[in-house]
Amino acid sequence: MDHQTVVVRLLVAIVMSGTVGLERSLRNKPAGLRTHLLVGLGSALITLTSIYMGEEFRTPGGAVDPTRIAANIVVGLGFLGAGTIVHMGSSIHGLTTAASLWATGAIGLAVGCGFYSGAGVTWVAMLIALHLLDPLEREVVRPKSRR
């Protein structure tokens with residue numbers, strides 16, 4: 001993989017994960033711009049490193065499985081997201097933040113391996129879900145007596 005590809009993939013991960021984080025910051029959520037940007041960037045770099053290792057350390061007849069590293073990104077993000085969930089009495093806060101961190105990591109993973117179409121569709125869907133669906137959920141889905 002050439003250096004230009006690496007730089008482009010990391011920059012795309014920064015833009016996509018950063019915009020999701022900016023939306024979270026504008027809503028005063030606990031994980032905002034920096035956290036989401038770092039999750040997406042880190043996931044992309046780990047994916048690129050996994051690909052690089054697969055190419056660099058492949059030996060004739062040897063088995064190299066770069067997907068094992070990617071699988072561990074998912075596990076680590078679950079742990080990170082769990083730290084954002086707070087249980088207060090009968091209500092739970094932070095589930096959307098945990099889910100956005102997990103999905104941002106998935107975007108970084110997709111961008112890192114060059115799956116731009118999947119990352120792009122997920123990115124747009126996340127922004128719609130986080131920004132545009134929030135007012136709809138507040139006004140239509142949740143009963144006013146529960147607010």
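Let me start at Arg9, where the side chain reaches the backbone oxygen of Gly112 at a distance of 3.0 Å. Please keep in mind that this is a predicted model. Arg9 sits in helix 1, which covers residues 3-26. Which side chain of opposite charge is nearest to Arg9? That is Glu55, and Glu55 is 7.5 Å away. Arg9 is buried, yet Arg9 has no salt bridge. A salt bridge here needs a side-chain nitrogen of Lys or Arg within 4 Å of a carboxyl oxygen of Asp or Glu, so a separation of 7.5 Å does not count. As for the surroundings, and leaving out residues up to four places away in sequence, Arg9 touches Met1, Leu48 and Ile51, and also Val111, Gly112, Cys113, Gly114 and Tyr116.

Now the chain as a whole. The chain has 5 helices and 2 strands. Read along the sequence, the order is α-α-α-β-β-α-α. The C-alpha trace spans about 65 × 30 × 20 Å along its principal axes. There are 147 residues in the chain, and 30% of them are buried. The chain exposes about 9,100 Å², and 68% of that comes from carbon and sulfur atoms. Take the contacts between residues at least 6 apart in sequence: 65% of these join residues at least 24 apart.

Next, the salt bridges. How many does the structure hold? The count is 4. A network of salt bridges links Glu23, Arg24, Arg27, Asp134 and Arg138. I will go through some of the pairs.

Begin with Arg27 and Glu23. Their side chains meet in a salt bridge, at 2.4 Å from N to O. Is Glu23 buried or exposed? Glu23 counts as buried because its relative accessibility is 6%. Arg27, at 25%, counts as partly exposed.

Arg27 also forms a salt bridge with Asp134, and here the closest N and O atoms are 3.0 Å apart. This pair links distant parts of the chain: Arg27 is in the loop between helix 1 and helix 2, Asp134 is in helix 5, and they are 107 residues apart. Asp134 has a relative accessibility of 13%, so Asp134 counts as buried.

Asp134 has another partner, Arg138, and the side chains of these two meet in a salt bridge at 3.0 Å, N to O. Why are Arg138 and Asp134 separated by about one helical turn? Because they are 4 residues apart in helix 5. Arg138 is partly exposed, with a relative accessible area of 35%.

Staying with helix 5, which runs over residues 116-141, we come to Leu136. Leu136 has 44% relative accessibility and therefore counts as partly exposed. Leu136 belongs to a nonpolar surface patch of about 630 Å². The patch is made by Val124, Ile128, Leu132, Leu133, Leu136, Val140 and Val141.

Now to helix 2, where His36 lies. How much relative accessible area does His36 have? The value is 0%, so His36 is buried. The side chain of His36 makes a polar contact with the side chain of Ser100, at 2.8 Å. If we set aside neighbours within four places in sequence, His36 is in contact with Ser17, Val20, Gly21, Arg24 and Ala31, as well as Thr97, Ser100, Leu101 and Thr104. Arg24 is therefore a name to note twice: Arg24 is a contact of His36, and Arg24 is also part of the salt-bridge network.

The last residue is Ala98, in helix 4, residues 95-112. With a relative accessible area of 11%, Ala98 is buried, because the cut-off for that class is under 20%. Which residues is Ala98 in contact with, leaving aside its neighbours within four places in sequence? They are Gly81, Thr84 and Ile85. Ala98 can also be placed relative to Thr35: the two are 63 residues apart along the chain, and their C-alpha atoms are separated by 11 Å.

To recap the main items. Arg9 is buried without a salt bridge, and its side chain reaches the backbone oxygen of Gly112. Arg27 and Asp134 are joined by a salt bridge, and that pair links the loop between helix 1 and helix 2 to helix 5. His36 is buried, and its side chain has a polar contact with the side chain of Ser100. Leu136 is partly exposed and helps make the nonpolar patch.

Notes
Residues are numbered from 1 along each chain as its sequence is written. This is a predicted model: local features need pLDDT of at least 70, side-chain atom pairs count only at pLDDT 80 or more; totals for chains, interfaces and linings use all residues. Side-chain values use heavy atoms; hydrogens and water are left out. Patches are made of residues with over 30% relative accessible area and no salt bridge: like charges are joined within 9 Å, nonpolar side chains (Val, Leu, Ile, Met, Phe, Trp, Tyr) within 5 Å. Accessible areas come from the Shrake-Rupley method with a 1.4 Å probe; for residues, only the protein chains shown count as cover. Buried means under 20% relative accessible area, exposed over 50%, partly exposed in between (1.4 Å probe, protein chains only). Lys and Arg count as positive and Asp and Glu as negative; His and the chain ends are not counted. A polar contact is a pair of N or O atoms within 3.5 Å; within protein, one must be able to donate a hydrogen and the other to accept it, and residues adjacent in sequence count only if both atoms are side-chain atoms. Contact means heavy atoms within 4.5 Å.
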